[in-house]
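Me: I want to go through the labels used for this model one by one. For each, tell me what earns it.

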Amino acid sequence: MFDNNVFLENTCKNIEEASKITGFELKTNITYYRGIPLSMVNDIRVEVDGEKVPRENILCSVDEVDWFTLDEMETVTSYKWEYGEPLSVRVRQDGGLSKGTHQVALDVIVRTAYIPVPLAGRKVRTVEIA
């Protein structure tokens with residue numbers, strides 16, 4: 001239902017730290033009509049060119065200051081992901097994405113207070129890394 005909110009266009013880029021590319025990042029909006037605490041994010045999945053990124057390599061942030069693994073997010077109630085505010089999804093991967101074209105898929109699954117099943121959204125984009 002909210003698939004168009006997932007994986008915002010033109011947000012996929014490599015991340016450089018201390019003159020070294022340490023991974024890549026993309027942004028997503030929530031797959032719900034209101035905000036939720038990070039503890040209600042059921043799962044985030046990333047796939048690049050048909051290969052799934054290991055869960056432990058994924059970090060998320062609502063403010064790009066404090067980053068949480070998906071396991072840590074299960075207990076994070078003090079940070080809220082608001083509707084219309086993008087969540088940054090970072091993948092730790094030495095060298096990031098190689099130059100060229102990639103098919104990147106992002107799945108966002110969230111729980112809500114009064115809907116008994118998680119809400120899921122998926123978006124696949126072709127991205128160009130320069």
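Reply: One definition to start: contact means heavy atoms within 4.5 Å. Note also that the model is predicted. By that contact rule, and leaving out residues up to four places away in sequence, Ser88 touches Glu25, Leu26, Lys27, Leu59, Cys60, Ser61, Glu64 and Trp67.

Me: Why is Ser88 called buried?
Reply: The cut-off for buried is under 20% relative accessible area. Ser88 has 2%, so the label is buried. The residue is found in strand S9, residues 87-92.

Me: What makes the link between the side chains of Ser88 and Lys27 a polar contact?
Reply: The limit for the N or O atoms is 3.5 Å. The Ser88 and Lys27 side chains are joined at 2.8 Å.

Me: Why does His102 count as buried?
Reply: Its relative accessibility is 8%. Buried means under 20%, so His102 qualifies. His102 has its place in strand S10, residues 100-110.

Me: Which polar contact joins the side chain of His102 to that of Asp49?
Reply: One of 2.7 Å, against a limit of 3.5 Å. The His102 side chain also has a polar atom 2.7 Å from the backbone oxygen of Ser98. Beyond four places in sequence, His102 is in contact with Val48, Asp49, Leu97, Arg125, Thr126, Val127 and Ile129.

Me: Why is S10 described as largely enclosed by the rest of the structure?
Reply: Nine of its 11 residues are buried, so the description follows for S10.

Me: How do you know that S10 pairs with S4 and with S11?
Reply: Pairing takes at least two bridges. S4 and S10 have seven. S10 and S11 have 11. Both pairings run antiparallel. Examples of bridge partners are Asp43 with Ile109 in S10, and Ala105 with Val124 in S11.

Me: What makes S4 and S5 a pair?
Reply: Two bridges join S5 to strand S4, residues 41-48. At least two are needed, so the pair meets the rule. The strands run antiparallel. One of the bridges has Glu47 opposite Lys52 in S5.

Me: In what order do the four strands form the open sheet?
Reply: The order is S5-S4-S10-S11, with antiparallel pairing. Strand S5 (51-52) and strand S11 (119-129) are the edge strands, as each pairs on one side only.

Me: How many aromatic pairs does the ring rule give?
Reply: Two. In one, Tyr32 and Tyr33 are 4.8 Å centre to centre, with 55° between the planes. Centres must lie within 6.5 Å. Stacked is under 30 degrees and edge-to-face is over 60. The Tyr32 and Tyr33 angle meets neither cut-off, so the pair is tilted.

Me: Which of Tyr32 and Tyr33 is buried, and which is partly exposed?
Reply: Tyr32 is buried, at 4% relative accessible area. Tyr33 has 46%, so it is partly exposed: that class runs between the 20% and 50% cut-offs.

Me: Why is the pair of Phe68 and Tyr79 called edge-to-face?
Reply: The planes stand at 65°, and the cut-off is over 60, so the name fits. The ring centres are 5.2 Å apart. Phe68 lies in strand S7 (residues 68-69). Tyr79 is in the loop between helix H1 (70-73) and strand S8 (80-81). The pair therefore ties together parts that are 11 residues apart in sequence. Phe68 counts as buried at 14%, while Tyr79 counts as partly exposed at 23%.

Me: What makes Arg90 a charge over the ring of Trp67?
Reply: The distance limit is 6 Å from the ring centre. The charged end of Arg90 sits over the Trp67 ring at 4.1 Å. Arg125 lies over the face of Phe7, at 5.8 Å from the ring centre.

Me: How many disulfides does a search of the whole structure find?
Reply: Zero. For Cys12, the nearest cysteine sulfur is that of Cys60, 14 Å away. A disulfide needs the sulfurs within 2.5 Å, so Cys60 is too far from Cys12 for a bond. Both cysteines are buried: Cys12 has a relative accessible area of 13%, and Cys60 has 0%.

Note on methods: Residues numbered from 1 in each chain as written. Predicted model: local features only at pLDDT ≥ 70, side-chain atom pairs only at ≥ 80, totals over all residues. Heavy atoms only, no water. Buried < 20%, exposed > 50% of the residue type's maximum accessible area, 1.4 Å probe, protein only. Polar contact = N/O pair within 3.5 Å; in protein donor to acceptor, adjacent residues only side chain to side chain. Phe/Tyr/Trp six-rings, centres within 6.5 Å; stacked < 30°, edge-to-face > 60°. Lys NZ or Arg CZ within 6 Å of the ring centre and 35° of its normal.
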